[in-house]
Amino acid sequence: MTIEDVKSHLICVHPLDNVAVAVNAGGLPKGTPLTEGFAVREFVPAAHKVALRDIPQGSSIVRYGQVIGYAAIDIAQGAWVHTEIMTLPAPPALDALPLATAVPPELPPITGMTFQGYRNADGSVGTKNLLGITTTVQCVAPTVEFAVRRIKAELLPRYPNVDDVLAITHPYGCGVAINAPGADVPIRTIRNLSLNPNFGGAPMAVSLGCEKLQPARLFPGSPSLPVLGDDGYVIRLQDAEHHSFGDMIAAIMRAAERRLEQLNRRQRTTCPASDLVVGLQCGGSDAFSGVTANPSLGYAADLLVRAGATVMFSEVTEVRDAIHLLTARAASVEVAEELIREMAWYDEYLDRGSADRSANPTPGNKRGGLSNIVEKALGSIAKSGSTAIRAVVRPGDRVINRGLVFAATPASDFICGTLQTAAGMNMHVFTTGEGTPYGLATVPVIKVSSQTQLAERWPDLIDLDAGRIATGEASIEDVGRELFQMILDVASGRRRTWADHWGLHNATALFNPGPVT
Ligand code: CA
């Protein structure tokens, strides 16, 4: 192939930008003429940035209309702009941010959109019908997993309306400073995970007996949990009545069978789209994520908000550098201040660990053309769409608001997924550039690729290809509408995600900022 055969294509997202992203699958060879009227000075890999004009040393490199870095050397028009020739700008100061100064006006509501879900007593709606067995401590996890294998083999086939049985296991519960301030986060996470709508809103728990995280502490005097108490839905392995391992398994199976009978009576009913609680996340992002997958997810997020649903976006370290854009979009000064509180808490947390936000981008992010955390953040927040931010949820807390919500979580895929599940998510959308087989057992995960190349290489892992936006085959609106419909179909059980098809379910990963003893 000669240079003349390369049909060059650059994506520039804002008129102020002085860099654009190369779209060609194999990258742009040196000397490739661009429609912009100049040639590429050196090989530029796909998804990486090309300088649209000369950028003298020390001056701003601008993408998304925002400064993503400063030129460390003189950068010539047509040069490859990458991590090594950029310096990182300071993060926006938290004491000088605009507070609710640009609250977006409400978009016209969308009515009549529905899905088929399992309505729970607490008003929440499940998209799966699962028996979840919570563990108070890691000591009991292998025992519960043993019981679950037998429940699946011997009991589940008799309850066809129940989709699956899950052991909710984790490394927490003992050997930890249970009264330290940070302990609240993992404890409320395990509690709210157990109450996820897909478990019917009612937990069954297995405890050891001597552990620090006692069942009464995990579910303190909650009248909304009628299954906890004397009726045998908490099984303590150390109780005198168990004379053998066999006795313990029999007790767990008896309680499980009672829950299976209740769950089996549930049926899908027509629910308004406003009962959806959709968690948004990205992982393995590349420079396309911010122009294809995330903006189309943002378009779908706006449609969901217009339909009255709850939409959560998260990942503190990936919004920190764009926080000035988010505090302005907060629905009120109070919500803006809560956003700042979460950012300040995380700045301090990173500081305590002698790390800073530059620890976020991965080698894969950089290979994918994302030079630093500022560029990653600007692409990441495109997921949140354009509506006002209505509320902020602390890590491990349950979301109660409708509309767009910031659920504060680390950016780690499995920890964010765990915390969004605890927040009450019943649908998950995950965008990826480099690709990941990520999935969750509790909640369906729709995976959206930022590049067609990935969707073609992994046709049995990627549910939706947003790369068609880069090549001009589809618009952001087209993919956003397709995704909105896919969310309704998957939530209704009419369509299965690839992660559920293969049973790819990442482990519960708690966020524990407290000390281990
Ligand atoms: Ca992530």
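**Trp 458, a nonpolar core and helix H5**

Q: Which residues does Trp 458 touch, not counting residues up to four places away in sequence?
A: This is a predicted model with residues numbered from 1 along each chain as its sequence is written; local features need pLDDT of at least 70, side-chain atom pairs count only at pLDDT 80 or more, and totals for chains, interfaces and linings use all residues. Side-chain values use heavy atoms, leaving out hydrogens and water. With contact meaning heavy atoms within 4.5 Å, Trp 458 touches Gly 435, Thr 436 and Pro 437.

Q: Is Trp 458 buried, partly exposed or exposed?
A: Buried means under 20% relative accessible area, exposed over 50%, and partly exposed in between (1.4 Å probe, protein chains only). The relative accessible area of Trp 458 is 23%, so Trp 458 is partly exposed.

Q: Between which domains does the largest nonpolar core lie?
A: A nonpolar core is a set of buried Ala, Val, Leu, Ile, Met, Phe, Trp, Tyr and Cys residues joined through side-chain atoms within 4.5 Å. The largest has 76 residues, and its largest share, eight residues, comes from helix H12 (residues 476–491); helices are DSSP runs (H or I, at least four residues), numbered from the N terminus. Domain bounds come from an automatic or database domain assignment. Both domains give residues to this core, so it lies between domain 1 (1–90) and domain 3 (272–502).

Q: How many of the 14 residues of H5 are buried?
A: The buried residues of H5 include Ala 293, Leu 297 and Val 305. H5 is largely enclosed by the rest of the structure, because the number of its residues that are buried is twelve.

Notes: Helix = DSSP H or I, 4+ residues; strand = E, 2+ residues; numbered from the N terminus.
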